[in-house]
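Student: I would like a close look at one small part of this model, the surroundings of a single bound molecule, and then at how that part fits into the rest.
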Amino acid sequence: MRRDCDLNKISDGKRYLLNDMVKADCNGCKDCSVCCHDMGTSIVLDPLDFYRISHFLNRSFETMLDSQIELNIVDGLILPNLKMTETLNKPCVFLNDSNRCSIHPYRPGICRIFPLGRLYENNSFSYILQVNECPNEQKSKIKVSKWIDTPDLNQNQQFIADWHFFLKELHERLLAQGNEECIKKATMQLLQFFYIEPYSSEEDFYTQFYMRLLHMKKLFI
Ligand code: SF4
Ligand code: SF4
């Protein structure tokens, strides 16, 4: 989800890379689950997020749409996001009774990096430390790569950038064409290719993703 805002107002103004130390470690988030409440539609799932969660829960896209995810317009395209429950303080559907994440090893990338955020520039991205989001004032320094706790890190970082800039390019192409039918078709294909059509757990996720990306680019870019 793109945001137009002053970097100095939302962060400490620095850009962080994987080997940098950043004051983001919340030391186990003891007794806090603030960032798992009332997040609106902001926890947007990329295809890897969806693959991980749906395989862990053994649920299809359609089944998850019943209660755990919803579709919203994000930067001109329709994408899934995690649902917040309509109860007091609006907890995420995956927050358990002990106020802990019930899908912690499979949590989405946005949750993984919090309170860091991503800053996309020049076909790549860096991390920023968001300063208004997490109330823990006793954070410790930690290496970015350790904090984001993501397997296959280099491959993953490339995937994050490729997915972001693909969505941006697709949206720009569709806007330029201005053809309602084409926009509708691309929107449906995007969901079908990257979310609805199941990924095999026997094959590497990234290989499957890049085949789908190539196909989608051939059709619409
Ligand atoms: S708001 Fe900060 S301390 Fe609280 S759960 Fe989130 S990351 Fe942890
Ligand atoms: S998926 Fe887990 S970490 Fe992310 S908002 Fe929901 S409960 Fe919190």
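How do the residues of the shell around ligand 2 divide into nonpolar, polar and charged?

Tutor: The shell around ligand 2 consists of ten nonpolar residues, with no polar and no charged ones; in this scheme Ala, Val, Leu, Ile, Met, Phe, Trp, Tyr, Cys and Pro count as nonpolar, Asp, Glu, Lys and Arg as charged, and the others, Gly among them, as polar. This is a predicted model, in which local features need pLDDT of at least 70 and side-chain atom pairs pLDDT 80 or more, while totals for chains, interfaces and linings use all residues. Residues are numbered from 1 along each chain as its sequence is written, chains are lettered from A and ligands numbered from 1 in the order in which they are written, and side-chain values use heavy atoms, with hydrogens and water left out.

The residues that surround ligand 2 (a heavy atom within 4 Å) can be named one by one. Four of them are cysteines, namely Cys 36, Cys 92, Cys 101 and Cys 111, and alongside these stand Ile 43, Leu 82, Phe 94, Leu 95, Ile 103 and Pro 108. The classification puts every cysteine in the nonpolar class, and that should be kept in mind when the shell is described as having ten nonpolar residues.

Ligand 2 sits in the second largest pocket, where sitting requires more than half of the molecule's atoms to lie within 2 Å of the grid points. A pocket is an open set of points on a 1 Å grid with protein on both sides within 12 Å along at least five of seven lines, a cavity is a set where a 1.4 Å probe fits but cannot get out, and lining residues have an atom within 4 Å of a point. The second largest pocket has a volume of about 710 Å³, taken as the space filled by probe spheres on the joined points. Its lining consists of 31 residues, and those nearest its centre are Cys 29, Cys 35, His 104, Arg 107 and Cys 111. Cys 111 thus belongs both to the shell of ligand 2 and to the residues nearest the centre of the second largest pocket. Whereas the shell of ligand 2 has no charged residue, the lining of this pocket has 21 nonpolar, five polar and five charged residues. Helix 4 contributes the most to that lining, with three residues (helices are DSSP runs of H or I with at least four residues, strands runs of E with at least two).

Ligand 1 also sits in the second largest pocket. Around ligand 1 are Cys 26, Cys 29, Cys 32, Ser 33, Val 34, Cys 35, Phe 114, Cys 134, Pro 135 and Asn 136, a shell made up of eight nonpolar and two polar residues, again with no charged one. Phe 114, one of these neighbours, is joined to Pro 115 by a cis peptide bond with omega near 5 degrees, and Pro 115 itself lies in the loop between helix 4 and strand 4. Most peptide bonds are trans.

The largest pocket has a volume of about 1100 Å³. It is lined by 37 residues, with Met 1, Arg 2, Arg 3, Arg 118 and Tyr 120 closest to its centre. Helix 4 gives two or more residues to this lining too, as do helix 1 (7–10), strand 3 (77–82), strand 4 (116–121) and helix 6. By class, the lining has 22 nonpolar, five polar and ten charged residues.

Enclosed space is found as well, since the count comes to one cavity of 30 Å³ or more. The largest cavity has a volume of about 80 Å³, and 14 residues line it, with Gly 109, Arg 118, Thr 150, Asn 156 and Ile 160 nearest its centre. Helix 4 (109–113) supplies at least two of the lining residues, as do helix 2 (47–57) and helix 6 (153–177). Five of the lining residues are nonpolar, four polar and five charged. Helix 4 therefore, by the stated lining rule of an atom within 4 Å of a point, takes part in the linings of the second largest pocket, the largest pocket and the largest cavity.
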